[in-house]
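What follows is a short report for a reader who is meeting this structure for the first time. Please look over the sequence and the model below before reading on.

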Amino acid sequence: MSTAPGRTSHAKAILDPELYSKLANTSVLLVGAGGIGCELLKNIVLTGFGKITVLDLDTIDISNLNRQFLFKKKDVKQPKALVAAQTAAPFNPNVRIIPIHDNIKEPQYDIHWYQQFDMVLNALDNLDARRHVNKMCMAAQVPLVESGTAGYLGQVQPLLKDTTECFDCIPKPTPKTFPVCTIRSTPSQPIHCIVWSKSYLMGQLFGEDEDAIEELDDAEKQGENSQEIETLRKEAQAFKTVRQALRNKNANDAAKLVFQKVFNADIKNLLIMADMWRSRSPPIPLDYDAILDGTFKAPTHTKANGTAAPNMNANGNAVASGSGTNTNGSAASSTSTSANNNGATTSLKDQRTLTLKDNLELFISSTDRLAERLRNGEETISFDKDDDDTLDFVTASSNLRSYAYGIEGKTRWEVKEMAGNIIPAIATTNAIIAGLIVLQALHVLKKDHTKLRNVYLQFKPAVPLSAIRLSQANPECGVCRDTYAPLLCDPARTTLGEVVKGVMGEEWGEREVSVYEDKRVLSDPDWEDNFESTLESLSVTRGKFLSIVDEEGEWATISLAIANLPPNYPRPLPVENEDGVIDLAPTPKKPRIEPAASVLMRRLEERQSPSKRRRLEADGLVVMDGPDDVLDSGEVAGVVGVDQGGASEVIVIDDD
């Protein structure tokens, strides 16, 4: 324990001794150790929160180091939670930090696990994880302080069950999606080409062996062009040959084979459908050899308004519309700079506009690197913004597609932002938001709910911060308006029908209910086929919620949080069979010392062997061959016979 008087003097003076004394016994869960998480961990450690559990799934990337100050270059690729805890621990030796490198959505982090904390502080950048933590806190009735930043903007929001609205009370915008035909056949924006490269081409070449037929069937049902869909089906089937070449160690021109199919043959197939190009500019098939030797010529693309589209010019140089210079302002150059062997580039190169030849060479290099990884044992490769090989491939292939369709190309840096859904992060914003989180957490600790506020960091120099009173819960919210209860059970033995009947009690059969697990319907008033199924067979296990919904809407939804039985739970109780009989096992009797006569009889029941005979004789017993056998003295003693398989074995006890 630290004895330095200056370590706690400021905190005591600001918080007052009574509040400060509570901090040492306060247990806090911090979810996320990134931009906000690093600042927040430092703050709560210095404030004096006694027990801190920090959980994060991510590892440290070199791009984190400019704002996540708890990490150094030597820590790259290490778990964020572990390194953050190690770095922050010396700030205050009185604080205990427990790091966990894991996914917060794992089933072991159930309702009982959350209930060990006095509050939860969210520092996440993932919508799905935020919604999960929000639901768990509502179920466990643990206060949650939510937060987030986007560039210079930020927000802090305290959330308390039955006191304030929750994170899901206001619907969140869903990620934007694009029609399949737009992505596959008629892109018109850079993001269309990036999504195509990241989500479609990467999967077809380096992902699972699938032909995307199901997705195309769904698109056709939704009314998209049937002729175009049929062409795309043939295109998907043709990927099988290319996939085999990428995995064949003897194939030398796999990258060229991919290029010829994707950027030449597939485009020519699309051009056959003349009706598709009546109101839009048709794409241009690309020539592999002509681009490499600098002789590729192509007509200038035009937009719908007749102006030239900003793109790379026909000789391979990237130029802006109406200009003879590159989009970055430098003179156009046909000199190509290939990616180095490991795919890594400096930040300045990342922001450099690539020529058509640059993109092709980057495409060849990245395709060869990814193919080599497949040949060395990797089964599938998916896009990761921090994986140089996949980022290079998506950058090159999306730019090549952009050129073919007359769309402006993007730098590697821009592709990384768009493909990785990166929100600009600013260290100062993170620091301000982390400080505001602590202020709201102290109000939660004092249970002074009247002082809780939603705080916003905004673009107003005169009033950079705005605070508003907390809103009431949305009565239609499907998360915080539910009634939660833990259900301790063995999912392998507990059936769905037992749960529903146990919860409904006397109302069973009188009230119509439906049962859900997340968005899955497990039963409804007209369908109870799953009632005899165990929860485990229905994939309803620890950490999940079983929701019982009153069809008439008179009862609130009952959400049961599945949790394991305690270790000391007694053995299962007996149940009736089909005949109504309870088969009880006999009660075990206490062990007792076996009498000598019983030992004797037990030995008689054993099949004799020479070794057994010698052992009995050593004990003073004589084994006779039959009832008429006599001792040497000619006197027959008491005889006991035991029948074993038709043969009699007799033991004679000498009275002398």
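## A guided reading of the model

C477 is a buried residue, its relative accessible area being 6%. The model in which this residue is described is a predicted one, and the values in this report should be read with that in mind.

**The four cysteines**

C477 sits in the loop that runs between β10 (465–469) and β11 (483–488), and C480 is placed in the loop between β10 and β11 as well. C480 also counts as buried, with a relative accessibility of 0%. The UniProt record, an unreviewed entry, places the feature "binding site" at C166, C169, C477 and C480. These positions span 315 residues in sequence, yet no two of their C-alpha atoms are more than 8.5 Å apart, so they gather at one spot.

The contacts of the two loop residues fit this picture. Once neighbours within four places in sequence are left aside, C477 touches C166, D168 and C169, while C480, with its neighbours within four places likewise left aside, is in contact with M138, K161, D162, C166, C169 and A473.

One of the partners of C480 is D162, which lies in the loop between β6 (153–159) and α7 (180–184). D162 is partly exposed at 48% relative accessibility, and its phi is positive, at about 65°, although it is not a glycine. Most residues other than glycine have a negative phi. D16, in the loop between α1 (6–15) and α2 (17–23), is another residue other than glycine with a positive phi, near 80°, and at 35% relative accessibility D16 counts as partly exposed.

**Residues set side by side**

The table gathers the placement and relative accessibility of several residues discussed in this report.

| Residue | Place | Relative accessibility |
|---|---|---|
| C477 | loop between β10 and β11 | 6%, buried |
| C480 | loop between β10 and β11 | 0%, buried |
| N454 | strand β9 (residues 453–457) | 2%, buried |
| L15 | helix α1 | 12%, buried |
| D16 | loop between α1 and α2 | 35%, partly exposed |
| D162 | loop between β6 and α7 | 48%, partly exposed |

**Contacts across the chain**

L15, in helix α1, shows how parts of the chain that are distant in sequence can meet: its C-alpha atom and that of L442 are separated by 8.8 Å, although the two residues are 427 residues apart along the chain. With neighbours within four places left aside, L15 is in contact with Y20, L23, T47 and L442. For N454, in strand β9, the contacts outside its neighbours within four places are V156, Q157, P158, E165, S466, A467, I468, R469 and L470.

In the protein as a whole, residues 24 or more positions apart account for 63% of the contacts with a separation of 6 or more. Buried residues make up 44% of its 656 residues, and its secondary structure comes to 20 helices and 18 strands.

**Aromatic rings**

How many aromatic pairs does the structure hold? There are 13 of them, and one is formed by F259 and F263, a tilted pair with 5.2 Å from centre to centre and 45° between the planes. Because F259 and F263 are four residues apart in helix α11 (residues 254–271), about one helical turn separates them. In an α-helix, residues three or four places apart point the same way. Both F259 and F263 are buried, and ring pairs join them with W196, F206, Y288, F363 and F393 in a cluster. Over the face of W196 lies R401, at 4.1 Å from the ring centre.

**Helices and their surroundings**

Helix α15 (residues 388–404) packs against helix α16 (residues 412–419) at an angle of about 105°, their axes being 10 Å apart, which means that α15 is roughly perpendicular to α16. The residues making this contact are D388, L391, D392, V394, T395 and S398 from α15, together with R412, V415 and K416 from α16.

Which residues of helix α4 (residues 80–88) are buried? They are K80, A81, V83, A84, A85 and A88, and the elements that cover the buried residues of α4 include α3 (35–47), β2 (51–56) and β3 (96–101).

Notes:
Residues numbered from 1 in each chain as written. Predicted model: local features only at pLDDT ≥ 70, side-chain atom pairs only at ≥ 80, totals over all residues. Heavy atoms only, no water. Buried < 20%, exposed > 50% of the residue type's maximum accessible area, 1.4 Å probe, protein only. Contact = heavy atoms within 4.5 Å. UniProt positions renumbered as here; feature names shortened; annotations may be inferred. Phe/Tyr/Trp six-rings, centres within 6.5 Å; stacked < 30°, edge-to-face > 60°. Lys NZ or Arg CZ within 6 Å of the ring centre and 35° of its normal. Axes fitted to C-alpha atoms, helices over the stretch in contact; angles between N-to-C directions. Parallel < 35°, antiparallel > 145°, perpendicular 65-115°, else oblique.
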